[in-house]
Amino acid sequence: QQAKPEVYQILCDVAATLNKAGSMADGGVAWLELPPVLCARNLAASWDLLWTWKPPLVRWRELLPWQKVNHFAGSRNLTRKDRLKKHLQRARQSCAKASESFDIMPLTFALPAEYVQFVEAFAACAEEAKNHGQPNIWIMKPVGLSRGRGISLINEISAVSYGEAMVIQRYVTAPLLLDGYKFDLRLYVLVTSFNPLEAFLYSEGFGRFSTERYTIEASSLSDKYVHLTNSSIQKERSQFAEGTLPMSLGAEEGGTK
C-alpha cells in the first residue's frame with residue numbers, strides 16, 4: 001500500500017464495485033488485506049488474489065486452483081529490456097520464417113557485454129549515415145527502469161555510459177508523427193496462460209504524445225520533451241507550459257495522453 005498507493009486504490013475500487021453485487025453468497029467480494037508474506041503454511045489457503053509490484057514470494061507449484069497471481073514465474077524475461085532483446089534475437093535465429101516475423105526491433109546491443117560488437121556497428125552506421133547526409137543517433141536505456149528514467153540520446157561514442165547495465169539501440173530518426181509530434185500507442189493485453197497461449201486484447205487504449213515538435217537537430221538530443229513520450233515526463237512540461245502547447249495536447253481533459 002505504501003509503495004504503490006495508486007495500484008492499491010485501483011484494487012480497492014474494483015473490490016468496492018464488485019461488492020455492490022451483494023453478499024459473498026450472491027457473488028459479492030469481501031475485501032480483506034492479508035500480510036505480505038503469504039508463503040507461510042498457515043496462510044497458504046487463506047487468499048484468492050495476490051497482486052504485487054515485484055515477483056511474489058509464493059510456491060508456484062503449490063498454488064490452489066482458485067488462486068490468481070498477477071505475475072508469471074520468469075516474467076522478467078519479457079519485461080527487462082536486455083532479456084527481451086536476447087529472446088527476440090534467439091527467436092529470429094530459429095528459422096527463416098521467424099527471422100521475418102520477429103524483425104520488430106532496431107539494431108540493439110546489451111552493454112557492457114556486447115561492447116565490442118556495438119563499437120563496430122557504431123562505426124559502420126556512422127559511415128553509412130555520413131554517406132546519406134544523416135545523423136548517427138542512438139538511444140540508451142537502463143535495462144530495469146521504467147517511465148523514461150535514465151534514457152539518453154547520443155551521437156558520439158564517448159557519451160556512452162558503462163556505469164550500469166544498459167541497452168543501446170539505433171534511433172529511429174524518421175518516426176511516424178502526428179502534427180509534427182512524436183507519439184506512441186499504449187494497448188493492454190491480459191495473458192492468462194502461456195502454454196497454451198491465451199491472451200485478451202482490451203478494446204480501448206490511449207496515445208501518448210511529446211510536447212515539443214520533433215527534430216533531430218544535435219541541440220535537441222538532450223531534450224526529453226522532444227524525444228520521449230512517457231506521460232510521467234511530459235506531464236511535467238504540460239504543468240508549466242499552459243498556453244504554449246497545441247490545442248490537442250493542452251486540452252483540459254487528456255493532457256499529453
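**Notes on the predicted model**

1. Let's begin with a small detail: the Gln67 side chain comes to 2.9 Å from the backbone nitrogen of Leu64, a polar contact (N or O atoms within 3.5 Å; within protein, one must be able to donate a hydrogen and the other to accept it, and residues adjacent in sequence count only if both atoms are side-chain atoms). Gln67 sits in the loop between strand 1 (49-50) and strand 2 (68-69). Gln67 counts as buried because its relative accessibility is 6%; buried is under 20% relative accessible area, exposed over 50%, partly exposed in between (1.4 Å probe, protein chains only).

2. A word on the ground rules. This is a predicted model, where local features need pLDDT of at least 70 and side-chain atom pairs count only at pLDDT 80 or more, while totals for chains, interfaces and linings use all residues. Residues are numbered from 1 along each chain as its sequence is written, and side-chain values use heavy atoms, with hydrogens and water left out. Helices (H or I, at least four residues) and strands (E, at least two) are DSSP runs, numbered from the N terminus.

3. Now the sheet. It is open and has four strands in the order 3-6-4-5, with antiparallel pairing; two strands pair if DSSP finds at least two bridges between them. Strand 3 and strand 5 (152-154) are the edges, each pairing on one side only. On average, neighbouring strands are turned by 25° against each other, direction ignored. Strand 4 and strand 5 run antiparallel and are joined by three bridges, and Trp138 has Ile154 in strand 5 as its bridge partner.

4. Two helices go with this sheet. Helix 5 packs on it, touching strand 3, strand 4, strand 5 and strand 6, and its direction makes about 145° with that of strand 3. Helix 3 lies across strand 3, strand 4 and strand 6, at about 130° to strand 3. For these angles, axes are lines fitted to C-alpha atoms, for helices over the stretch in contact, and angles run from 0 to 180 degrees between N-to-C directions. Contact means heavy atoms within 4.5 Å.

5. Which residues of helix 3 are buried? They are Asp82, Lys85, Leu88 and Ala91, and their cover includes helix 4 (96-101), strand 3 (108-111) and strand 6 (166-170). An α-helix has 3.6 residues a turn, so residues three or four places apart point the same way.

6. The largest nonpolar core has twelve residues, including Phe109, Phe122, Cys125, Trp138 and Met166. A nonpolar core here is a set of buried Ala, Val, Leu, Ile, Met, Phe, Trp, Tyr and Cys residues joined through side-chain atoms within 4.5 Å. Strand 3, helix 5 (115-131), strand 4 (138-142) and strand 6 each give at least two residues to this core, and helix 5 has the largest share, with four. Val160 is worth a click: beyond its neighbours within four places in sequence, it contacts Leu111, Phe118, Met140, Ile154 and Ile168.

7. Last stop, the hairpin: two residues link strand 9 to strand 10. Strand 9 (residues 189-194) and strand 10 (residues 197-201) are antiparallel over five bridges, with Leu190 opposite Phe200. Is Leu201, in strand 10, buried or exposed? Leu201 counts as exposed because its relative accessibility is 60%. Leaving aside neighbours within four places in sequence, Leu201 still contacts Leu187, Tyr188 and Val189. Leu201 and Leu187 are 14 residues apart in sequence, and their C-alpha atoms are 7.7 Å apart.
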